[in-house]
Amino acid sequence: MPYDEALERFEPVLGLETHVELGTESKMFCGCPTTFGAPPNTHVCPVCLALPGSLPVANAKAIESTIRIGLALNCSIAEWCRFARKNYFYPDMPKNYQISQYDEPLCTDGYLDVQVEGKTVRVEIERVHLEEDTGKSTHVGGATGRIQGADYSIVDYNRAGIPLVEIVTKPVEGTDRLAPEVARAYVTELREVLRSLGVSDVRMEEGSLRCDVNVSLMPRGSSEWGTRTETKNVNSLRSVERAVRGEIERQAAILADGGRIIQETRHFHEDTGATTSGRSKEEAQDYRYFPEPDLVPIAPDPAWVAQLKAELPELPSVRRARLQAEWGVSDLDMAAMHNAGAIELVEATVEAGAPAADARKWWMGELARRANESGTALADLPIRPGDVAKVTELVASGALNDKLARQVLEGVLAGEGTPEDVVEKRGLRIVNDEGELSAIIDQVLASNADAADKVRSGKVAAVGALVGGVMKASRGKADAGRARELILEKLGVQG
Amino acid sequence: MSAITRDEVAHLARLSRLALDEEELDHFAAQLDQIVGAVARVAEVAAGDIPPSSHALPLTNVFRPDEIRPSLTPDQALSGAPAVEEDRFRVPRILGEEA
């Protein structure tokens, strides 16, 4: 069903579960390294392979990082909590269970405010808990490479036991047609918070940040939630948005036909933007959770928690508000910079000495246009904030005008060196030599006698065409203001 | 009265991927019932003034520093595996046809 029609009839309720691999050196319960991309089964030991007699011991840094995440998300930190065994029968964990947290998460009841179309939406956080990541299975045989229809599977346990933090929102109601945008804005903001904390490299493409999207629909006017589905394999910010939209459309079509939504896990397909059915979810009781006997309870010292809270870095939303005030830009302009990923770049350009307005003008204007044309992120353009600051400095000193400055930026992007190199190699400096400028003006006056006569007879406005001629003849290198003065002087007219 | 039903044992067996026949279901239902009954007797002793506990030792906050320790080599890691392919543990089909 088309999105607009679906939204006329139904109201979406969202839920987001985000898994974050912590950037610790070692795994959650053993000393194996956590680096991505190692040859299979080289980061494994008796503990993460669950060999008999081995015992887990919790990684202090992972506990600390989880508490810091909870604090940054305005959560309460448990005074006492335990790990729990989640029993299930997949070989992606060699123990036949995953060590997780169940009814005693480290952090509960927080929130994260996100901006969507100029409005603040508060997404409430249900819980933040710590668990261990699973191994990576490759399914062999069958047509699709998926678990269904495979003949057998092969498993690499390098990832098994890497500390994984799960951040679960409360159901998000009232987003209405903006549900996809809210979902995306939430994951975007969460990623920035995690990055500012330095707890994870938050790379969605490498799986260090993964998002499961829960969607249910209720008919307009109803307050009773519908059955939800959980969409996995959502591996980019854009996909988060697409998955929510796609699932709203799919569920609306079923409900409108009088059908029933099945509570199940669905898989998102990047290429089509559609989801397909996965396994139907096991009930929580089927996981037979119980307190992990091999690990003693965690009781964070309140003084330590207070210290971690005091030492939190400036959070992204606070930082944005500060920069916005410092730069004196509107909400709309700030949001545009945020969406374009330009804030860090503008900040670094300002730090390199450029006025904020100029830094913003170049990043959000010429450079954003070039990034757009080449389909790259602004931050990935081959130009550094220092280069942009240098260009603004050359413009401010009168050595370049905006037109020449654009050519300099083009040269830097093309790998021609620093802004100074490009100015030198391309000969882009404004013509400051009065003699040279004077000669150009004489040529222009000679070939534009009509316009020159108009100016002489008092129509000063006609000087614009002559200045234009000088700029053209100098290939943009003349100082337009000085050219205007000289033309009027030569024609004996008062500006 | 029986606390553990035959259906519950069948459900548990399915979750554990154990193939139990009819006779075994009855057999284990009775056994599990006895175990649950024995545990229930402990509950009778545990009065309101005894806090529930999950651990034998009154310890909290046993952590290790975030330091790398040597891992096994792949050969060592895979030496006990019944089947190996491409340096990975090879396991039988995970989901049956019905999934």
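**Reading a two-chain model**

Mentor: Chain B of this predicted model has three helices and three strands, and read along the sequence these elements follow the pattern α-α-β-α-β-β.

Trainee: Why is chain B called more spread out than a compact globule?

Mentor: The globule rule gives 13 Å for a chain of 99 residues, whereas the radius of gyration of chain B is 22 Å, which is well over that value, so chain B is described as more spread out than a compact globule. Along its principal axes, the C-alpha atoms of chain B fill a box of roughly 55 × 45 × 25 Å, and 8% of the 99 residues of chain B count as buried.

Trainee: How many residues does each chain give to the contact between chain A and chain B?

Mentor: Chain A gives 41 residues and chain B gives 34 residues. On the side of chain B that touches chain A, the elements that contribute two or more residues are strand S1 (63-64), helix H3 (74-78) and strand S3 (88-92) of chain B. S3(B) provides the largest share of that side, namely five residues.

Trainee: How do the residues on that side of chain B divide into nonpolar, polar and charged?

Mentor: On the side of chain B that touches chain A, 17 residues are nonpolar, six are polar and eleven are charged.

Trainee: How do you know that strand S2 of chain A pairs with S1(B)?

Mentor: Pairing requires at least two bridges between the strands, and two bridges join strand S2 (residues 58-59) of chain A to S1(B), so the pair meets the requirement. These two strands run parallel, and the bridge partner of A:Ala58 in S1(B) is B:Phe63.

Trainee: Which strands make up the open sheet of four strands, and in what order?

Mentor: The order is S8(A)-S9(A)-S3(B)-S2(B), and the pairing is antiparallel. S8(A) is joined to strand S9 (residues 152-156) of chain A by five bridges in the antiparallel sense, with A:Lys136 standing opposite A:Asp156 in S9(A).

Trainee: What makes a strand of that sheet an edge strand?

Mentor: An edge strand pairs on one side only, and that is the case for strand S8 (136-140) of chain A and for strand S2 (84-85) of chain B.

Trainee: What is the order of strands in the open sheet of nine strands in chain A?

Mentor: The order is S3-S6-S7-S10-S1-S11-S12-S13-S14, with mixed pairing. Its edge strands are strand S3 (76-77) and strand S14 (275-277) of chain A, each of which pairs on one side only. At the S3 edge, two bridges join S3(A) to strand S6 (residues 107-116) of chain A in an antiparallel arrangement, and A:Cys107 in S6(A) is the bridge partner of A:Ile77. Helix H3 (residues 179-197) of chain A packs on the sheet, where the strands it touches include S6 and S11 of chain A, and its direction makes about 115° with that of S6(A).

Trainee: Why is the pairing of that sheet called mixed?

Mentor: The sheet has mixed pairing, and two of its pairs illustrate the point. Four bridges join strand S11 (residues 209-219) of chain A to strand S12 (residues 229-234) of chain A, and these strands run antiparallel, with A:Asn214 opposite A:Glu230. Three bridges join S12(A) to strand S13 (residues 265-268) of chain A, and these strands run parallel, with A:Glu230 opposite A:Thr265. Between S12(A) and S13(A) the chain crosses through helix H4 (residues 237-256) of chain A, in a β-α-β crossover that is left-handed.

Trainee: Why does A:Val305 count as partly exposed?

Mentor: A residue is buried with 20 or more other C-beta atoms within 10 Å and exposed with 12 or fewer; A:Val305 has 19 such neighbours, which lies in between, so A:Val305 counts as partly exposed. A:Val305 lies in helix H5 (residues 302-310) of chain A, and, leaving aside residues up to four places away in sequence, A:Val305 touches A:Ile67, A:Ile77 and A:Pro300.

Trainee: What makes A:Glu173 partly exposed?

Mentor: A:Glu173 has 14 other C-beta atoms within 10 Å, and this count also falls between the two limits, so A:Glu173 is partly exposed. A:Glu173 lies in the loop between S10 and H3 of chain A, and the C-alpha atoms of A:Glu173 and A:Thr34, which are 139 residues apart in sequence, are 37 Å apart in space.

Technical notes: Residues numbered from 1 in each chain as written. Chains lettered and ligands numbered in written order. Predicted model: local features only at pLDDT ≥ 70, side-chain atom pairs only at ≥ 80, totals over all residues. Contact = placed C-beta atoms within 7 Å. Nonpolar A, V, L, I, M, F, W, Y, C, P; charged D, E, K, R; others polar. Right-handed = clockwise from strand over helix to strand, strands pointing away. Axes fitted to C-alpha atoms, helices over the stretch in contact; angles between N-to-C directions. Rg over C-alpha atoms; globule rule 2.2 N^0.38 Å.
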